[in-house]
Amino acid sequence: MRYLFICLCLLTSVNLIGAQQSVDNKEVDSLYREDQIYLNITYNILNEKSAGISQNAFSGGLNVGFIRDFPININRTVALGLGMGLSANSFNQNLKIFSENNSIDFEVVSSGSFDKNRFNLYQLELPFELRWRTSTFESYKFWRIYAGFKIGYVFASNSKFNSAGTSYKIKIDETLNKFQYGLTWSFGYDNWNLNFYYALNSIFKNQTLDGASLKLSTIKAGLIFYIL
């Protein structure tokens, strides 16, 4: 989370300097590009949960990145977006992930039997969007609808478990589908925009729980803020 915050500060600083220079020069850019830096705050929902699995506490995510805007019509109200970003996501639930005999295993535990149980995923993401907006080069307040596809690579992960008698943190990289991908959709006006993500593949790779396939996937809902 700390590294994502530092990246956001650097990107924002560069953008504000550029914006100030444009104001000082009093230039109007008829070849403007929109919404190239983003910050996304999400609530993470586990989808396709096996019997007995439930979420507890708040499961959140933070995404920050840059999307290059490529307008494809004369009025620049329709565009393609291609970018890169970083994300950190946590999932608080009652699926205990533990190491036994040099392998990772899974077990559903009762919600009252532990103080903390969550796994965390850190990803490099590549978003692609088809963008429609009502923008003009004279106004930064406009309606937008962006639909797209995002692929992420999990470069780090861990699971944390704390209870009265046990406390540990383990890496879970070997259990994961390293490439996570899904559909995205954003809608809003000016600074306030809703954002949704629907995963098309599962978080874990070839893992089982009580003899059945573990097919957990992700749905994310939240707010996304764009910086020009």
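Biologist: Which strands form the hairpin with Asn101 in the turn, and how many residues sit between them?
Modeller: In this predicted model, the hairpin is made by β4 and β5, with 2 residues between them, and Asn101 in the turn has a positive phi of about 55 degrees.

Biologist: How many bridges join β4 to β5, and do the strands run parallel or antiparallel?
Modeller: The two strands run antiparallel and are joined by 6 bridges, with β5 covering residues 103-108. As one point of register to look for on screen, Ser99 stands opposite Ile104 in β5.

Biologist: Back to that phi. Which other residues have a positive phi although they are not glycine?
Modeller: Glu48 has a positive phi of about 55 degrees without being a glycine, and Asp190 likewise has a positive phi of about 55 degrees and is not a glycine. These are worth pointing out because most residues other than glycine have a negative phi.

Biologist: Where do Glu48 and Asp190 sit?
Modeller: Glu48 is in the loop between β1 (37-47) and β2 (60-71), while Asp190 is in the loop between β9 (179-189) and β10. Glu48 counts as partly exposed, because its relative accessibility is 48%.

Biologist: Moving on to Gln93, is that residue buried or exposed?
Modeller: Gln93 is buried, because its relative accessible area is 1% and the cut-off for buried is under 20%. Its place is in the loop between β3 (78-92) and β4 (95-100).

Biologist: What do the polar atoms of the Gln93 side chain reach?
Modeller: A polar atom of the Gln93 side chain lies 3.2 Å from the backbone oxygen of Phe91, and the side chain also reaches the backbone nitrogen of Leu95 at 2.6 Å.

Biologist: And which residues beyond its sequence neighbours is Gln93 in contact with?
Modeller: Once neighbours within four places in sequence are set aside, Gln93 is in contact with Leu46, Ser54, Gln55, Asn56, Phe114, Asn117, Arg118 and Phe119.

Biologist: Phe119 makes me think of the core. Which residues have the most contacts inside the largest nonpolar core?
Modeller: That core has 18 residues, and those with the most contacts inside it are Ile97, Phe106, Phe119, Ile203, Phe204, Leu214 and Leu216. The elements that give two or more residues to this core are β4, β5 and β6 (116-133). There is also a second, separate core of 6 residues, which includes Phe142, Tyr146, Ile224 and Tyr226. As background, nonpolar side chains tend to be buried together in soluble globular proteins.

Biologist: What is Leu216 in contact with, leaving aside its near neighbours?
Modeller: Beyond four places in sequence, Leu216 is in contact with Leu46, Asn47, Glu48, Lys49, Ile53, Leu95, Ser202, Ile203 and Phe204. That list includes Glu48, the residue with the positive phi.

Biologist: Ser202 is in there too. Where is that one, and what does it touch?
Modeller: Ser202 lies in the loop between β10 (192-199) and β11 (208-209). Not counting residues up to four places away in sequence, Ser202 touches Asn177, Gln180, Lys215, Leu216 and Ser217. The C-alpha atoms of Ser202 and Lys215 are separated by 5.4 Å, although the two residues are 13 apart along the chain.

Biologist: How about Ser30, where is it and which residues does it touch?
Modeller: Ser30 is in the loop between α1 (2-25) and β1, and apart from residues up to four places away in sequence it touches Arg76 and Phe137. Ser30 is partly exposed, with a relative accessible area of 47%. Its C-alpha atom is 8.9 Å from that of Glu138, which is 108 residues away along the chain.

Biologist: How many helices and strands are there in the protein chain?
Modeller: The protein chain has 1 helix and 13 strands. Buried residues make up 43% of its 228 residues, and of the contacts with a separation of 6 or more, 70% are between residues 24 or more positions apart.

Biologist: Last thing, where is the pLDDT below 50?
Modeller: The average pLDDT of the protein chain is 88, and 87% of the residues score at least 70. Over residues 3-8, however, the pLDDT is below 50, and this stretch has 8 contacts in the model beyond near neighbours in sequence. Residues 10-27 also have a pLDDT below 50, with 8 contacts beyond near neighbours. Where pLDDT is low, the predicted coordinates should not be read in detail.

Key:
Residues are numbered from 1 along each chain as its sequence is written. This is a predicted model: local features need pLDDT of at least 70, side-chain atom pairs count only at pLDDT 80 or more; totals for chains, interfaces and linings use all residues. Side-chain values use heavy atoms; hydrogens and water are left out. Helices (H or I, at least four residues) and strands (E, at least two) are DSSP runs, numbered from the N terminus. Buried means under 20% relative accessible area, exposed over 50%, partly exposed in between (1.4 Å probe, protein chains only). A polar contact is a pair of N or O atoms within 3.5 Å; within protein, one must be able to donate a hydrogen and the other to accept it, and residues adjacent in sequence count only if both atoms are side-chain atoms. Contact means heavy atoms within 4.5 Å. Two strands pair if DSSP finds at least two bridges between them. A nonpolar core is a set of buried Ala, Val, Leu, Ile, Met, Phe, Trp, Tyr and Cys residues joined through side-chain atoms within 4.5 Å. pLDDT is the predictor's confidence in each residue, from 0 to 100.
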